[in-house]
Amino acid sequence: MLRSIVRISRVCQSLGSLPYVQTQLGHPAVRTMSTLPWPFNSAPRDFSLPNSSWSSEMTRLYEHYNSQCEVETEDGEKQRGPWRRLPSYNRSLKYAKGGVYLSKFVQSKARLFTRNIKTAGAAFEYVMFINKEEQRSVCIFQAGHLLEGPPGHVHGGAIATMIDSVTGTHATYLSGPVMTANLNINYRSPIPLGSTVLLESCMDKKEGRKTFISCKVTSADSSKLHTEATALFLSVSVSHLLGM
Ligand SMILES: CCCCCCCCCCCCCCCC(=O)SCCNC(=O)CCNC(=O)[C@H](O)C(C)(C)COP(=O)(O)OP(=O)(O)OC[C@H]1O[C@@H](n2cnc3c(N)ncnc32)[C@H](O)[C@@H]1OP(=O)(O)O
């Protein structure tokens, strides 16, 4: 029983990190679970924080954007900066088919694809920052050895996964629950395995239920273009998203 409560509490924390979800998931039961005091509110692992596998380039870029999440005014007061780091967990809320009951929220073996390998640095190491004002995001991504496609380079499917995740998270941030309807990718130059790259996404337009996002992947110093993509996300109801 205690285990289930802790699990559900983690799920609520994970979803609660998205601003749209913060306003939309206002069900009293969910609010109560996510604000439970210790020991029920045990912190889940935030995968987007630095770890020992991060290259110096990745760490430098992280510090660059992270330092702009909070700025100091002339009076020495701290206030929110232009960027916001998005925490990242390996679980998502899962509703059971046929009914929304708190006890059935969690499908115990389900894990977010990009966060399901525990060894630090082996696969997808990334952290994403959002600039709300400019409606753009940046993701610092270091591709681990398990993501090999062509010898010594990153698999195109892994690159597509990262583009879908970054543009999908960006679209969710802007529009609430969405699903990818279309993703077009042009691979311009291979990404060396183990290197750190930047994924930058921006919103092109919003038309009714449609959110159009474009994304480019470049080397860490932005000098080399690796990949370009455009994506279309359609706003969906929570029940469509959860397959109910
Ligand atoms: C996100 C949740 C947060 C949870 C918190 C966890 C945080 C962790 C973040 C991780 C982030 C990962 C993000 C991954 C995101 C995926 O990868 S989602 C998985 C891959 N996508 C899918 O499986 C979607 C499968 N397709 C579908 O379900 C349905 O086709 C869709 C996309 C919902 C659209 O169906 P529909 O709602 O019935 O729409 P429909 O009426 O057919 O069309 C509406 C309009 O869109 C147009 N349209 C539809 N499809 C297309 C298309 N392919 N091309 C062009 N136009 C199209 C139609 O022409 C129509 O246009 P108008 O006539 O209105 O101008």
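The buried residues of helix 4 are covered by, among others, strand 3 (83-86), strand 4, strand 5 and strand 7. The residues concerned are M58, L61 and Y65, and they lie on the same side of helix 4 because they cover an arc of only 70 degrees around its axis. On the face of helix 4 turned away from this buried side sit the exposed residues S56 and E63. All of this is read from a predicted model, and the description that follows rests on that model as well.

**Overall architecture**

The protein has six helices and nine strands. Of its 244 residues, 27% count as buried. Among the contacts with a separation of 6 or more, 65% join residues that are 24 or more positions apart.

**The nonpolar core**

In soluble globular proteins, nonpolar side chains tend to be buried together. Here the largest nonpolar core has 37 residues, and those with the most contacts inside it are Y126, C139, F141, M162 and L199. At least two residues of this core come from each of helix 4 (56-66), strand 4 (124-131), strand 5 (136-143), helix 5 (156-175), strand 7 (196-207), strand 8 (210-219) and strand 9 (225-235). Helix 5 gives the most, with seven residues. For F141, leaving out residues up to four places away in sequence, the residues touched are Y126, M162, V197 and L199.

**Two buried residues, in helix 5 and strand 9**

I159 lies in helix 5, whereas T227 lies in strand 9. I159 counts as buried because 25 other C-beta atoms lie within 10 Å, where 20 or more are required. T227 is likewise buried, with 23 other C-beta atoms within 10 Å. Not counting residues up to four places away in sequence, I159 touches V154, I191, V217 and T227. The contacts of T227, with its neighbours within four places in sequence left aside, are I159, I163, I185, N186, Y187, R188, K216 and V217. One of these partners, K216, is eleven residues from T227 along the chain, and the C-alpha atoms of the two are separated by 5.6 Å. I159 and K78, by contrast, are 81 residues apart in sequence and 37 Å apart in space, C-alpha to C-alpha.

**Residues in the loops**

H153 lies in the loop between strand 5 and helix 5. Leaving aside its neighbours within four places in sequence, H153 is in contact with P190, I191, P192 and L193. The last of these, L193, is 40 residues from H153 along the chain, yet the C-alpha atoms of the pair are separated by 4.6 Å.

Two further loop residues have an unusual backbone in common, since neither is a glycine and each has a positive phi: about 50 degrees for Q135, and about 70 degrees for S222. Q135 has its place in the loop between strand 4 and strand 5, and S222 lies in the loop between strand 8 and strand 9. The surroundings of these loop residues, set beside those of I159 and T227, are as follows.

| Residue | Other C-beta atoms within 10 Å | Class |
|---|---|---|
| I159 | 25 | buried |
| T227 | 23 | buried |
| H153 | 19 | partly exposed |
| Q135 | 16 | partly exposed |
| S222 | 11 | exposed |

With 19 other C-beta atoms within 10 Å, H153 is partly exposed, because a buried residue requires 20 or more. S222 counts as exposed with 11 such neighbours, because the limit for that class is 12 or fewer.

**The shell around the ligand**

The ligand is surrounded by 20 residues, of which the closest are G168, M179, T180, A181 and N182. Helix 5, strand 6 (178-187) and strand 9 each supply at least two residues of this shell. By character, the shell divides into eleven nonpolar, seven polar and two charged residues. Helix 5 and strand 9 thus appear both among the contributors to the shell and among those to the largest nonpolar core.

**The annotated region**

An unreviewed UniProt entry lists residues 152-222 as "domain: Thioesterase". Over these residues the chain is 28% helix and 45% strand, and the end C-alpha atoms are 21 Å apart.

Key: Residues are numbered from 1 along each chain as its sequence is written. This is a predicted model: local features need pLDDT of at least 70, side-chain atom pairs count only at pLDDT 80 or more; totals for chains, interfaces and linings use all residues. Helices (H or I, at least four residues) and strands (E, at least two) are DSSP runs, numbered from the N terminus. Two residues are in contact if their C-beta atoms, placed from the backbone, lie within 7 Å. A nonpolar core is a set of buried Ala, Val, Leu, Ile, Met, Phe, Trp, Tyr and Cys residues joined through C-beta atoms within 7 Å. A residue is near a molecule or strand if its C-beta atom, placed from the backbone, lies within 6 Å of it. Ala, Val, Leu, Ile, Met, Phe, Trp, Tyr, Cys and Pro count as nonpolar, Asp, Glu, Lys and Arg as charged, and the others, Gly among them, as polar. UniProt positions are given in the numbering used here, feature names are shortened, and annotations may be inferred rather than shown by experiment. The arc is that of the directions from the helix axis to the C-beta atoms.
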